[in-house]
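Biologist: Could you take me through one part of this model in detail, and then set that part against the interior around it? I would like a connected account rather than a list.

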Amino acid sequence: VQLQASGGGLVQAGGSLRLSCAASGRTFSNYAMGWFRQAPGKEREFVADISGGGGNEHYADSVKGRFTISRDSAKNTVYLQMNALKLEDTAIYYCAAGSNYWRIVTSQVFWGQGTQVTVSS
């Protein structure tokens with residue numbers, strides 16, 4: 001499985017960014033996809049995931065109501081729309097491809113390369 005993430009950058013607090021992750025190497029719609037992030041000095045943490053066919057999404061409490069995960073099976077791509085960004089959202093964001101249909105299980109994922117998101121005041 002190959003994952004190519006893009007869309008990170010520098011944004012002011014309150015702004016928006018959309019991350020994309022293009023997947024290849026297997027049947028995209030059979031597996032959950034997700035996003036994690038790692039801030040400096042902190043452990044990698046769950047942000048959101050979405051089931052193989054979409055329609056079943058989960059979010060970390062810290063991003064609920066601000067971030068939206070979605071997927072486009074025609075493009076084999078998962079997205080993370082991030083609105084109302086806060087300083088504490090600054091991190092490297094990693095795309096993850098799961099090994100089952102419903103949820104990302106961190107012991108059974110394929111990781112993409114990270115993309116840096118920096119939120120400034």
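**Two buried arginines and their surroundings**

Modeller: In this predicted model, the side chain of arginine 37 makes a polar contact of 2.9 Å with the side chain of aspartate 89. Arginine 37 is found in strand β4, and because its relative accessibility is 5%, below the 20% limit, this residue counts as buried. A polar contact, also of 2.9 Å, joins the side chain of arginine 37 to that of tyrosine 93. Once neighbours within four places in sequence are left aside, the residues in contact with arginine 37 include Glu43, Arg44, Glu45 and Val47, then Ser62, Val63 and Phe67, and further along the chain Glu88, Asp89, Ala91, Ile92 and Tyr93.

Aspartate 89 also leads to a second arginine, since its side chain is joined to that of arginine 66 by a polar contact of 2.7 Å. Arginine 66 lies in a loop, the one between β6 (57-59) and β7 (67-72), and at 10% relative accessibility arginine 66 too falls under the 20% limit and therefore counts as buried. Not counting residues up to four places away in sequence, arginine 66 touches Gln81, Met82, Asn83, Ala84, Leu85 and Lys86, as well as Asp89.

Two of the residues just named, Met82 as a contact of arginine 66 and Tyr93 as a partner of arginine 37, also appear in the largest nonpolar core. That core has 29 residues, and the members that touch the most others are Met33, Trp35, Leu80, Met82 and Tyr93. At least two of its residues come from each of β1 (2-6), β3 (17-24), β4 (33-38), β5 (45-50), β7, β8 (77-82), β9 (91-97) and β10 (110-120). A second core, separate from this one, consists of five residues, among them Ala32, Phe36, Ala96 and Ile104.

As for empty space in the interior, one cavity of 30 Å³ or more is counted, and the largest cavity has a volume of about 40 Å³. Its lining is made up of Val1, Ala23, Ser24, Gly25, Arg26, Phe28, Met33 and Ala97, which divide into five nonpolar residues, two polar and one charged. Met33 thus appears in this lining as well as among the members of the largest core that touch the most others. Neither arginine 37 nor arginine 66 is listed in that lining; to return to your request, what these two arginines share is a polar contact with the side chain of aspartate 89.

Note on methods
Residues numbered from 1 in each chain as written. Predicted model: local features only at pLDDT ≥ 70, side-chain atom pairs only at ≥ 80, totals over all residues. Heavy atoms only, no water. 1 Å grid on protein atoms, 1.4 Å probe; cavity = no way out; pocket = protein on both sides within 12 Å on 5 of 7 lines; lining within 4 Å. Points joined across faces, edges and corners; volume = space filled by probe spheres on them. Nonpolar A, V, L, I, M, F, W, Y, C, P; charged D, E, K, R; others polar. Helix = DSSP H or I, 4+ residues; strand = E, 2+ residues; numbered from the N terminus. Buried < 20%, exposed > 50% of the residue type's maximum accessible area, 1.4 Å probe, protein only. Polar contact = N/O pair within 3.5 Å; in protein donor to acceptor, adjacent residues only side chain to side chain. Contact = heavy atoms within 4.5 Å. Core = buried A, V, L, I, M, F, W, Y, C linked by side-chain atoms within 4.5 Å.
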